[in-house]
Amino acid sequence: MKTIKLFKFAIAHLLLAQIINPCFASDKNQPLSAFEQAMLHNERGEWLEAETLLSYQLSQNPMQHRVRLELALTQMQLGKFDVAKEHLLNLKQVTELPENVRFNIDIMLNEINAKSQLTEVEPSQSQWELIGTLATGYDDNVRFSFGDYFLDDDPYLDSFYFVLPDGKEYFISQKGYLYSLDGEIVMPEELGIDISPFLEKPNSVFVESAAIINYSYLGEQVNWKNNLLIRNIDNADFSDYDKLLFKLDSELAWPLASDKEIALQFEQRNQFRGGEPQITSSALTLGYRLFSKSSEWYMYGQYMDRSFKTIEVQFGDFSYTNYGFDNKSWAAGVEWNKLFYNNQLLAKVQFELKSNDASDGLNYLGAILKTALVYQLDDKWSVAGYASFFQQDYSKSDLVEAYGLDENSELATIDKSLRIGSKVDYQINQQLSVFVSADWGERSSDIYWGVQSNTVRAKLGFNFEF
């Protein structure tokens, strides 16, 4: 049967994962011979005998996670999907559960939801989770903007547009020349100003604090997941670049079969910079997930409506004004997740195409590629690495019209951004973990009068799960 084959494959992967994880090892105070005898019954296909022994062991010590897992898998072979599901949900409550193990349990829960033929209505399962984060770090360029400014929210900040006290607008080239918008070259000393701060990266020590609230509901016909992120970044210098973010996403998922589901997600995001409203965005995503053994495919389409507010940034004697505008985008993407090496290594790849319609006339087609690797060394240590690449291709006719240029002007139309980072986590106990992370970013573009910038960030902090 197709179901049994999938179960056997998942069982093999899960057993390997649990053997290498001490948190899933059998309790040394319990007689090992009984557990070994239950495993022998399982090998022979004697599921009832194995269930009896495992049930007894679990009743003696409910904290034996390995025993609970084996009991759930045995009951799945017996078709007792309701009680097996309860055991798997109980295991998901274990806070130190590695991400790769949780991924496999989710696959089995989806299989159970689609295949079980229960005569009684199951009670719904819900779970709350609160995680707090506190970190400090160093950013050598707080003005750095990555790719689509609606994603990382620092539009044009490397263009050096400023309004001086005389009311005229200027911008500064990388070589230190000061230009007025009508093309006049002005020497800074003629205006009695010092532009050297703008030729250096504005670096700063920062403190980052965040709270994540997760709520999930697992029902017979639908699963509901909600995540609320509140994050604040305070810079010791350059407080105009402080950021406060509120982000809420809510997803409803309907299982279609044992290996597929359809999902609808809503996202709302509000960000403030320097205490002033900066961006408001709403997005609706329709997706389709396909589970295949130890991997997952996710195909989706997204509509997003974003509004950027007019804000002013003070920088010494200079002030910079960014005028607000609205933006609508349509995107289509695919995401792939796969477990390797006894489920210790999780690989993620995402590719997305995006089309934008902006009220300021600067429309573009974009492509996003994201990759990540997460390796679970043991039940304490994990390491992760990631890379994100984003390219925007603008219409030359839009640039000509927006800036009043000649149609024969030589214009660059491509804006590229790249960010590479890594992170190391150490789980101290069930609630507390510490981490250190670092990343490097670079943006290269001739759009916006020549954006060429990079940044390096480092961060040390801890997470606490309540």
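Buried residues make up 45% of the 466 residues in this protein, where buried means under 20% relative accessible area, exposed means over 50%, and partly exposed covers what lies in between (1.4 Å probe, protein chains only). The model is a predicted one, so local features need pLDDT of at least 70 and side-chain atom pairs count only at pLDDT 80 or more, while totals for chains, interfaces and linings use all residues. Residues are numbered from 1 along each chain as its sequence is written, and side-chain values use heavy atoms, with hydrogens and water left out.

The protein has 9 helices and 20 strands; these are DSSP runs numbered from the N terminus, with helices (H or I) of at least four residues and strands (E) of at least two. If we look at contacts (heavy atoms within 4.5 Å) between residues at least 6 apart in sequence, 59% of them join residues at least 24 apart.

Helix H5 is a handy one to check with a ruler. It covers residues 81-92, and its 12 residues should span 16 Å at 1.5 Å a residue, which agrees with the 16 Å between its end C-alpha atoms. The expected span here is 1.5 Å times one less than the number of residues. Among the buried residues of H5 are Phe81, Ala84, Leu88 and Leu91, and Lys85 and Lys92 are on that list too.

Next come three strands that follow one another. Strand E15 (residues 345-358) runs antiparallel to strand E16 (residues 364-376), with 12 bridges joining them; two strands count as paired if DSSP finds at least two bridges between them. Val349 has Thr371 of E16 as its bridge partner. The two strands form a hairpin with 5 residues in between, and Gly361 in the turn has a positive phi of about 90°. E16 also pairs with strand E17 (residues 381-394), again antiparallel, over 13 bridges. Here Ala367 is partnered by Gln391 in E17, and the hairpin has 4 residues between its strands.

On the outside, the protein exposes about 22900 Å², with carbon and sulfur atoms supplying 57% of it; areas come from the Shrake-Rupley method with a 1.4 Å probe, and for residues only the protein chains shown count as cover. Strands E1 (125-139), E6 (204-218) and E20 (451-465) each supply at least two residues of a nonpolar patch, and E1 gives the most, with 3. Leu134 sits in E1 and counts as partly exposed because its relative accessibility is 39%.
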